[in-house]
Number of protein chains: 2
Amino acid sequence: MLDDALGRHVLAELFGCKAEMLNNADAIRDAMVAAARSAGAEVVGEFFHRFSPHGVSGVVVISESHLTIHTWPEHGYAAADVFTCGSRVDPWVACKHLVSALGATTMTATEARRGVFSPNQARSDVAT
Amino acid sequence: MLDDALGRHVLAELFGCKAEMLNNADAIRDAMVAAARSAGAEVVGEFFHRFSPHGVSGVVVISESHLTIHTWPEHGYAAADVFTCGSRVDPWVACKHLVSALGATTMTATEARRGVFSPNQARSDVAT
């Protein structure tokens, strides 16, 4: 439910993931792009980086905002974010895809509403 | 303060920004990279995209995690995130840089702690 927010932002903590998966940048990229598409998002770009000695960071920019991930293979942990705007794409669908793809045993997550305007921050107060 | 968290994640709402700035992908990229460096972060990659008719989305991946931004020039609003791990880089320094660079009149922000392990999610329970 968007209410009057411009976007929904899910911060997901994925525990008990497969360590070998979390250390494989190509596999993480594939999982993130697939997660975006599973939710019906349109991918416009991505960047992934594998760190030495371990860990992957990456982002998928979508028309509806973004997905990011940072992995700690040594802890079986990944911090994933799914930020979507509009009502067509459900960020939780992408999160659930990631849980499955990374083999997470536990996910804890919160949803933040982004772009909520108070009466004195009227959306129309800036001309373009 | 990191306590026992792996990372700090600031979700910043920037209101009253300059519309022309929010619609300029090159200017947003420069501001984001400069914000990362102002906090002492190491930039490892970036991707920015300008949407039609307006708005910019982009990310800077840093050794310490990431910065992202999505702009709504028509509302003078940007949603910015600064996620850092380790104790060397302060995400609030980058946020303050963005407030200045985007000419925001108001910032509201929250900090989430990422990668906090409960006793039954011991960090050492996955071998690499």
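B:Glu13 is buried, with a relative accessible area of 9%; buried means under 20%, exposed over 50% and partly exposed in between, with a 1.4 Å probe and protein chains only. What you have here is a predicted model, in which local features need pLDDT of at least 70 and side-chain atom pairs count only at pLDDT 80 or more, while totals for chains, interfaces and linings use all residues. Residues are numbered from 1 along each chain as its sequence is written, chains are lettered from A and ligands numbered from 1 in written order, and side-chain values use heavy atoms, with hydrogens and water left out.

**Exercise 1. Find the salt-bridge partner of B:Glu13 and say where each of the two residues sits.**

Step 1: Get the criterion straight. A salt bridge is a side-chain nitrogen of Lys or Arg within 4 Å of a carboxyl oxygen of Asp or Glu. The whole structure has 16 of them over all chains.

Step 2: Look for the partner. B:Glu13 pairs with A:Arg114, and their closest N and O atoms are 2.4 Å apart.

Step 3: Place both ends. B:Glu13 is in strand E1 (residues 7-15) of chain B and A:Arg114 is in strand E6 (residues 106-114) of chain A, so this pair joins two chains. Helix and strand labels are DSSP runs numbered from the N terminus, with at least four residues for helices (H or I) and at least two for strands (E).

Step 4: Check the other end for burial. A:Arg114 comes out at 1% relative accessibility, so it counts as buried.

**Exercise 2. Work out what the salt bridge of B:Asp90 with B:Arg8 ties together, then look at the one between B:Arg29 and B:Asp26.**

Step 1: Start with the distance. The closest N and O atoms of B:Asp90 and B:Arg8 are 4.0 Å apart.

Step 2: Locate the ends. B:Asp90 is in the loop between strand E5 (77-85) and helix H3 (91-102) of chain B, and B:Arg8 is in E1 of that chain, so the bridge ties together parts 82 residues apart in sequence.

Step 3: Check exposure. B:Asp90 is partly exposed at 30% relative accessibility, whereas B:Arg8 is buried at 14%.

Step 4: Turn to the other pair. B:Arg29 and B:Asp26 have their closest N and O atoms 3.0 Å apart. Both sit in helix H2 (residues 25-38) of chain B, 3 residues apart, about one turn of the helix. B:Arg29 is partly exposed, at 23% relative accessibility.

Step 5: Glance at chain A. There, A:Arg8, A:Asp90 and A:Glu111 form a network of salt bridges.

**Exercise 3. Trace the sheet of chain B and say which strands stand at its edges.**

Step 1: Write down the order. The sheet is open and has 6 strands, E2-E3-E4-E5-E1-E6, with antiparallel pairing. Two strands pair if DSSP finds at least two bridges between them.

Step 2: Pick out the edges. E2 and E6 (106-114) of chain B each have a single partner strand, so one side of each is left without a neighbour in the sheet. On average, neighbouring strands are turned by 10° against each other, direction ignored.

Step 3: Walk through some pairs. E2 (residues 43-50) of chain B pairs with E3(B) over 7 bridges, with B:Val43 opposite B:Ile62. Their hairpin has 5 residues in between, and B:Gly55 in the turn has a positive phi of about 105°. E3(B) then pairs with E4(B) over 6 bridges, through a hairpin of 2 residues. E4(B) and E5(B) share 8 bridges.

Step 4: Check both faces of E3(B). B:Val56, B:Gly58, B:Val60 and B:Ile62 on one side, and B:Ser57, B:Val59 and B:Val61 on the other, are all buried.

**Exercise 4. Identify which element gives the most to the largest nonpolar core.**

Step 1: Define the set. A nonpolar core is made of buried Ala, Val, Leu, Ile, Met, Phe, Trp, Tyr and Cys residues joined through side-chain atoms within 4.5 Å.

Step 2: Find the best-connected members. Of the 31 residues in the largest core, B:Leu14, B:Ile28, B:Leu67 and B:Leu102 touch the most other members.

Step 3: Name the contributor. H2(B) gives the most, with 8 residues.

Step 4: Try one member. Beyond its neighbours within four places in sequence, B:Leu67 has contacts (heavy atoms within 4.5 Å) that include B:Met32, B:Val60 and B:Ala94.

How values were computed
Axes are lines fitted to C-alpha atoms, for helices over the stretch in contact, and angles run from 0 to 180 degrees between N-to-C directions.
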